[in-house]
Amino acid sequence: QCVAVCPTGALTERDSSAKVMDAIVDPKKTVIVQTAPAVRAALGEEFGMDAGTLVTGKMVSALRKLGFDHVFDTDFAADLTIMEEGTELLDRLGKHLAGDKDVKLPILTSCCPGWVNFFEHQFPDMIDIPSTAKSPQQMFGAIAKTYFADQLKQKREDVVVVSVMPCLAKKYECARDEFKVDGDPDVNLSISTRELAQMIRNANLNFEALEDDDFDQPLGESTGAAVIFGTTGGVIEAAVRTAYEVHTKKPLPKLDFEELRGFDGIRSATIDFDGLPINIGIAHGLGNARQLLEDIRAGKSQFHAIEIMACPGGCIGGGGQPYHHGDVEVLKKRQKAIYEEDKGKVIRKSHENPFIQKLYSEFLGEPCGHKSHELLHTHYYDKKKKVEI
Ligand code: SF4
C-alpha cells in the first residue's frame, strides 16, 4: 500500500495493479487499456530518462508485453469530449446571445474529477454551469463497453477497462455510481503512471530498450488537440480549434493559440470567432479556481468559457505522476513534450479524427444528440445537501 497523497487533497493512493494483473490472466476476460495524454510525457522519468522525454511508443509496447488485449488511447475520447463539449459551448453561447435568460455562461470544463468534486462541495449553487460532458476517461469506458464490445461480440461484463492516469482522483471518478450500468463500472480499474512503472519493473521489462509500437484501432486514433488535454490550457485550446471552425465554417488561420498557454495560475484571452469575441478564462490549482468562481457568483465574470484543472500545470503535474517535488522546470519540460507531440500529429483538430467521424456516423448520430446524451453526458450532485441536480 502506497502512501502518496494527491495534490488535490482528495485521496490517498490505493494500488490497483494486482487487480489489473488478475484480470489480464483471467481467460474469460478481454482486458482493454487506455492511457491519458500526460502519462507519455512523464513515464520515462521513472526509468531514468530526462523530464520531458516522450515515450508514447515504448509505453504502448510495454502495455502489450504486459498482456493487455487491446492498447487504446484516452486521447481518442478526448477528441470525443471536444465534439460534445464544443457543441454544448456553441449551443449555450447561441442561446445566451439570443437573449435566453435561462441559459447561463460561462460554461466550465468538466474533465477533471478533482475539480468536479471541489465544485460539488464548495459551489453547489452554481452546479448548472459546468459542461455536462463526461471526462475522456469515462467517455472511453462508455464507448468501449457498448460500441467496441458489440464489435467484439462480447458481453460488457466480460470486458475489463483499465485506465492509466496521471491522477489519483480518477480512481474515485470511475467508482462513482452514475458511471456504472447495473453495478458494472464503465471503467473497472484506474492505475497511476507510477503504478504502471512498477508493473513494468515487476515484469522485468527493459523499458529503455523497447521498440516503439502503435496504438490499436479504432479507439487508439487521436489528434494533436487531444494530446494537449494533458496540460493547463490544453482542453480549452482544443475546444477553440473545433468550435471556431464549426461556428465560422472557415478553416483556422493558425492552430497554435499561444495566448492560452503558459503557467500563470489564472490566465485569460479573447479569441476572435470571425467577428464574435469569445472571452476565455483558465485556472489551474483550486485556489485559483475559487477566485474565478467567486467572480461568477458575484456577477463580475466576463468569460464565456473557463477551463479549470485542479493540479498545478494540469494533468502533467497530477498526483499519480513521477514525483517532481514542486520543481516547475520539470512541469515545463513535460508541457513542452505535450506540445511537441501535438505539432507532430498529422491531424490536429478533434472534428477531423476519421475514427471519431466513423463513430458518429455508425453509432452515435450527432454530437449532443440522443445517444450521446445517454452515453457521454452526466449530472452533478449538491454534496452539501447530498442531492442530485
Ligand atoms: Fe487529475 Fe488532471 Fe484533475 Fe489533476 S488536473 S486531478 S491529474 S484530472
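In this predicted model, Gly 67 adopts a positive phi of about 110° just after helix H2. The helix that precedes this glycine spans residues 56-66, and because eight of its eleven residues are buried, H2 is largely enclosed by the rest of the structure. The buried positions begin with Thr 56, continue through Lys 58, Met 59, Val 60, Ser 61, Ala 62 and Leu 63, and end with Leu 66. Among the elements that cover these buried residues are helix H1 (17-25), helix H7 (193-202) and helix H11 (328-344), together with strand E1 (30-35) and strand E2 (70-73).

A second piece of packing involves helix H3 (residues 74-97) and helix H9 (residues 234-248), whose axes come within 9 Å and cross at roughly 55°. The two helices are therefore oblique to each other, and H3 passes H9 in a right-handed crossing. On the H3 side the contact is formed by Ile 82, Glu 85, Gly 86, Leu 89 and Leu 90, while H9 contributes Ala 238, Ala 239, Thr 242, Ala 243, Val 246 and His 247. Sorted by class, this contact comprises seven nonpolar, three polar and one charged residues.

The ligand, finally, is surrounded by 15 residues, of which Cys 112, Gly 114, Cys 167, Cys 311 and Gly 318 are the closest. Helix H4 (113-122) and helix H6 (169-174) each supply at least two residues of the shell around the ligand, and H4 gives the most, with three residues. In its composition, the shell around the ligand divides into ten nonpolar, four polar and one charged residues.

Notes
Residues numbered from 1 in each chain as written. Predicted model: local features only at pLDDT ≥ 70, side-chain atom pairs only at ≥ 80, totals over all residues. Near = placed C-beta within 6 Å. Helix = DSSP H or I, 4+ residues; strand = E, 2+ residues; numbered from the N terminus. Nonpolar A, V, L, I, M, F, W, Y, C, P; charged D, E, K, R; others polar. Buried ≥ 20, exposed ≤ 12 C-beta atoms within 10 Å, placed from the backbone. Contact = placed C-beta atoms within 7 Å. Axes fitted to C-alpha atoms, helices over the stretch in contact; angles between N-to-C directions. Parallel < 35°, antiparallel > 145°, perpendicular 65-115°, else oblique. Left-handed = near helix turned anticlockwise from the far one by under 90°.
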